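Me: Could you walk me through the labels used for this structure, and what stands behind each of them?

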Amino acid sequence: MCTRFVYRGSDIITGFNFDIDLSVWTHKVIKEKESFYIGILRPDGIYHSYHGVNRNGNVGTLLYVHGNSAGAYQSGSNCMTIADLTEQFIKAQISFDEVLQIVKSKKIVYAPDATMQAMLSDVHGRTLVIEPGIGYREEQSKYSLITNYSLMKPESTRDFIVSGDDRYERVAVILDNCKNNLSISDAFTLLHNVRQEGAWATRVSLVYSVNERIVYYTENNHFEHITKFVFPSTEQKRS
């Protein structure tokens, strides 16, 4: 269970709540010269960057979704997993325009052991929603928003909506009513309002400002303690 948005105002603001069951997945926050990411431990022993921010402004996140058979994992040169695509984007191994070419030319499928959909955005606020087996959509309106259900084919996941899960609707109302400015504090207030608790609690909440080139984050719902990560050699603009 996760929530991700991109707001395009006087600053391009990304917000992300990373909700995960600790009995299923192992994660840690990793800070490197070129990227900040929530590493997910995979069977190869590596913490993979499936949710994170690159120094160049690429932001990628994977969100759990109930899968469809058309997006089932396949190998082959004409297929690419959504996990590989997202990680390569976060690592800046591929650009936004190259991602567009890939989704147009290859079949995007789930990873072998997880069904996920992605939201990718760049420093200009261009945003792609990619749903394996369904398709992709480029967005450049006031904001982009995704949770754990299909945006392009909502009937495919309607039966899986958890009772009372209105995160998408609550965030949309807030973003619809925002003026041109959405501050870092506003973004954290929004994420706090849709935080999760219990087995699938919110483990990391992050906000990224394109203008500042700074990632602000907190762990385990401790919204009173916000930490910031400034990419090396980037001037620190907030006290």
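Reply: Gladly! Buried means a relative accessible area under 20%, exposed means over 50%, and partly exposed is what falls in between. Please keep in mind that this is a predicted model.

Me: Thanks! Why is Tyr217 counted as buried?

Reply: Its relative accessibility is 5%, and the cut-off for buried is under 20%. Therefore Tyr217 counts as buried.

Me: And what makes the pair of Phe36 and Tyr217 tilted?

Reply: Rings pair if their centres lie within 6.5 Å; planes under 30 degrees apart count as stacked and over 60 as edge-to-face, with the rest tilted. The ring centres of Phe36 and Tyr217 are 4.9 Å apart, and their planes stand at 50°, so this pair is tilted. The structure holds 5 aromatic pairs.

Me: Why does that pair tie together parts that are apart in sequence?

Reply: Phe36 belongs to strand β4 (residues 35-41) and Tyr217 to strand β14 (residues 214-219), so the pair links parts 181 residues apart in sequence. Phe36 is buried too, because its relative accessible area is 0%, against a limit of under 20%.

Me: Which label fits the pair of Phe36 and Phe229, stacked or tilted?

Reply: Tilted: the centres are 5.7 Å apart and the angle between the planes is 35°. Stacked would need planes under 30 degrees apart. Phe229 lies in strand β15 (residues 227-230) and Phe36 in β4, so this pair ties together parts that are 193 residues apart in sequence. Phe229 has 11% relative accessibility and therefore counts as buried. Phe36, Tyr217 and Phe229 form one aromatic cluster together with Phe231.

Me: How do you know that Ala92 is partly exposed?

Reply: The relative accessible area of Ala92 is 36%. Buried would need a value under 20% and exposed a value over 50%, so Ala92 is partly exposed. Ala92 is found in the loop between α1 and α2, and it has a positive phi of about 60° although it is not a glycine.

Me: Where does Asn220 lie, and what makes it partly exposed?

Reply: Asn220 sits in the loop between β14 and β15. With a relative accessible area of 43%, Asn220 is partly exposed, as the value falls between the two cut-offs of 20% and 50%. Its phi is near 55°, a positive value in a residue other than glycine.

Me: Why is α1 described as mostly covered?

Reply: Of the 9 residues in α1, 7 are buried. These are Ile82, Ala83, Leu85, Thr86, Glu87, Phe89 and Ile90.

Me: What makes a group of residues a nonpolar core, and how many residues does the largest one have?

Reply: A nonpolar core is made of buried residues of nonpolar kinds joined through side-chain atoms within 4.5 Å. The largest one has 46 residues, and Leu85, Val99 and Ile130 have the most contacts inside it. Helix α2 (residues 96-105) gives the largest share of this core, 5 residues. Setting aside residues up to four places away in sequence, Val99 touches Leu85, Phe89, Ile94, Leu120, Leu128 and Ile130.

Me: Why does Ile146 count as buried, and what does it touch?

Reply: Ile146 has 0% relative accessibility, so it counts as buried; the limit is under 20%. Ile146 lies in strand β12 (residues 143-146). Beyond four places in sequence, its contacts include Cys2, Leu63, Met119, Leu151 and Tyr168.

Me: Which residues lie nearest the centre of the second largest pocket?

Reply: Tyr168 appears again here: the residues nearest the centre are Tyr149, Ser150, Ile161, Tyr168 and Glu169, out of 13 that line this pocket. The pocket holds about 250 Å³ of space. Helix α3 (residues 167-177) supplies the largest share of the lining, 3 residues. By class, the lining has 6 nonpolar, 3 polar and 4 charged residues.

Me: And what is the volume of the largest pocket?

Reply: About 290 Å³. Of the 21 residues in its lining, Ile20, Trp25, His51, Ala114 and Met116 are the closest to the centre. The lining of the largest pocket has 16 nonpolar, 2 polar and 3 charged residues, and β6 gives the most to it, with 3 residues.

Definitions and conventions
Residues numbered from 1 in each chain as written. Predicted model: local features only at pLDDT ≥ 70, side-chain atom pairs only at ≥ 80, totals over all residues. Heavy atoms only, no water. Buried < 20%, exposed > 50% of the residue type's maximum accessible area, 1.4 Å probe, protein only. Helix = DSSP H or I, 4+ residues; strand = E, 2+ residues; numbered from the N terminus. Contact = heavy atoms within 4.5 Å. 1 Å grid on protein atoms, 1.4 Å probe; cavity = no way out; pocket = protein on both sides within 12 Å on 5 of 7 lines; lining within 4 Å. Points joined across faces, edges and corners; volume = space filled by probe spheres on them. Nonpolar A, V, L, I, M, F, W, Y, C, P; charged D, E, K, R; others polar. Phe/Tyr/Trp six-rings, centres within 6.5 Å; stacked < 30°, edge-to-face > 60°.
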